[in-house]
Amino acid sequence: MNRAARSLKRGDSYSRIPVMHILYLLLILIAPFAGVNLLFLLSIILFLGIRFSGNFISYSRDVTSLAFSLVLMLFVSVISGGYSYTYPFYIVLAAFAIAAVGNHKTSFSETDTAPDYNLRRSRIKKRSFSIFWSSAFLALRIAAAFFAASWIVYWQDLPVSYNLIFFIAVIGAVTGSLFESIPSKIDKNISVPLGAGMTMWIFEEFRYWVPPEKMLVALLFSFLLGVLAYRAKIADVSALLSAALLGVLIIVFSGLSWFLLLLTFFILGGGFTRYKYTYKESIGIAQAKDGIRSYENVFSNSTAALALAVAYGVFPEYGLPIVYAYMGTVATATGDTLASEIGTTAKGRPRMITTLKLSEPGVDGAVSLLGELAAIFGSAVIGILAYLLGVSDNFILTVLITTAGGFFGTNVDSLLGATLQKRGVLSNSGVNFAATFTGAGVSAVLYLILT
């Protein structure tokens with residue numbers, strides 16, 4: 001195919017894009033009047049028409065994927081209609097709107113797939129990431145999800161608060177953008193709507209919401225901190241969006257002080273990653289990608305904290321045990337990171353936690369006196385800061401329980417690293433995930449015993 005023909009073909013495909021967006025809008029407009037069952041049949045016809053139409057097949061793999069996602073979500077909504085946990089129709093349309101806004105465009109990815117006509121295959125190339133345009137695009141996705149869901153709720157007269165709709169629209173838009181930023185072989189027009197839809201469904205079941213102005217402040221604050229981390233080169237785009245999602249959820253479910261406590265872990269972790277980085281790099285134990293964190297680092301260390309923060313908002317009657325469990329999980333993440341980043345710089349050789357035999361620095365399960373002291377220091381910092389921020393009102397109890405939970409969780413991390421991770425049963429992220437939940441459990445149990 002010559003250059004002129006290729007340009008004509010690409011130009012023809014881009015000229016059809018507005019037509020597809022008009023079709024997406026029409027689907028949303030007729031949705032409340034058609035109902036979930038009829039729209040399900042129409043979506044199947046649309047998918048089959050796009051999939052087997054010779055006029056579309058040349059350019060619309062993303063369009064086909066998005067139509068397939070709509071079919072799949074409507075199918076789940078239809079079959080769940082007879083059960084107590086129904087996949088709401090309005091959430092299906094909100095998730096579809098989030099993906100449809102981003103169709104043919106990736107605003108949250110640092111890489112792009114470009115066709116190589118000489119080799120007849122695709123190649124991955126680095127692309128620029130614009131904070132301004134991505135922020136505007138995120139706002140557009142929130143608006144699209146809100147209006148799509150509100151359109152269904154209004155015309156079907158559903159007993160759903162518009163505050164709740166805005167709440168889950170923000171969560172869905174950030175989640176969808178996060179899925180878009182994660183490198184994956186799965187088509188973005190499948191992962192984005194399904195990821196956003198499932199997340200919105202989970203939080204819709206809680207029937208928990210805050211005023212829109214509080215939601216916006218939480219989003220702006222957490223997104224700004226993520227941008228600063230990205231600019232400081234301690235987080236990539238996926239970590240930026242992960243931090244934004246964590247920030248929104250933790251702030252609205254439990255409070256700003258809880259998020260600041262978790263933020264302390266990220267700051268200390270990012271800072272001590274650079275501690276003697278050249279030396280750690282010279283012996284091959286430095287953090288990969290120049291210490292830049294990704295979504296895996298964020299969620300493996302923060303999933304327990306997120307679950308506890310949400311539980312605090314949903315189950316306030318169990319507030320105090322959850323508070324101490326939260327402090328314990330953040331202390332574990334902090335203590336483990338400082339033990340790894342500082343302990344590996346010790347002059348003497350570390351010892352394996354399982355056998356106490358001498359080992360090499362950076363080996364999974366290797367511990368040193370300096371690392372253990374760093375873990376105690378990091379955990380104690382979290383306990384002291386938790387008291388200063390008002391997360392807890394008992395200084396001695398807070399510091400003791402938080403430090404104990406963090407120290408125990410850190411050593412569980414080392415133990416799992418020396419056993420399950422070494423055998424390939426768990427990855428490093430899996431070890432962090434298990435250790436942070438362990439630290440939370442230890443702190444909660446200690447609180448119940450001591451009080």
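How much area does the protein expose, and what share of it do carbon and sulfur atoms supply? The protein exposes about 21,200 Å², and carbon and sulfur atoms supply 66% of that; the areas come from the Shrake-Rupley method with a 1.4 Å probe, and for residues only the protein chains shown count as cover.

Before you start clicking, note that this is a predicted model, in which local features need pLDDT of at least 70 and side-chain atom pairs count only at pLDDT 80 or more, while totals for chains, interfaces and linings use all residues. Residues are numbered from 1 along each chain as its sequence is written, and side-chain values use heavy atoms, with hydrogens and water left out.

**The whole chain.** Switch to cartoon view and you will meet 15 helices and four strands. These are DSSP runs numbered from the N terminus: helices are H or I with at least four residues, strands are E with at least two. Of the 451 residues, 52% count as buried, meaning under 20% relative accessible area; exposed is over 50%, and partly exposed lies in between (1.4 Å probe, protein chains only). Take contacts (heavy atoms within 4.5 Å): of those between residues at least 6 apart in sequence, 72% join residues at least 24 apart.

**Stop one: residues 61-79.** Select helix H2. Its 19 residues should span 27 Å at 1.5 Å a residue, and its end C-alpha atoms are 27 Å apart, which agrees. The expected span is 1.5 Å times one less than the number of residues. Now show side chains: the buried ones in H2 include Asp62, Leu66, Leu70, Met73 and Ser77.

**Stop two: the salt bridges.** The structure holds three of them, each a side-chain nitrogen of Lys or Arg within 4 Å of a carboxyl oxygen of Asp or Glu.

Select arginine 141 and glutamate 180, whose closest N and O atoms are 2.8 Å apart. Arginine 141 sits in helix H4 (residues 131-155) and glutamate 180 in helix H5 (residues 162-181), so this pair ties together parts 39 residues apart in sequence. Both residues are buried.

Next, pick arginine 207 and glutamate 204, with closest N and O atoms 2.6 Å apart. Is each partner buried or partly exposed? Arginine 207 is partly exposed, at 45% relative accessible area, whereas glutamate 204 counts as buried at 3%.

Finish at glutamate 360 and arginine 349, where the closest N and O atoms are 3.3 Å apart. Glutamate 360 is in the loop between strands S3 (351-352) and S4 (366-367), and arginine 349 in the loop between helix H12 (319-343) and S3. Glutamate 360 is partly exposed at 44%, and arginine 349 is partly exposed at 46%.
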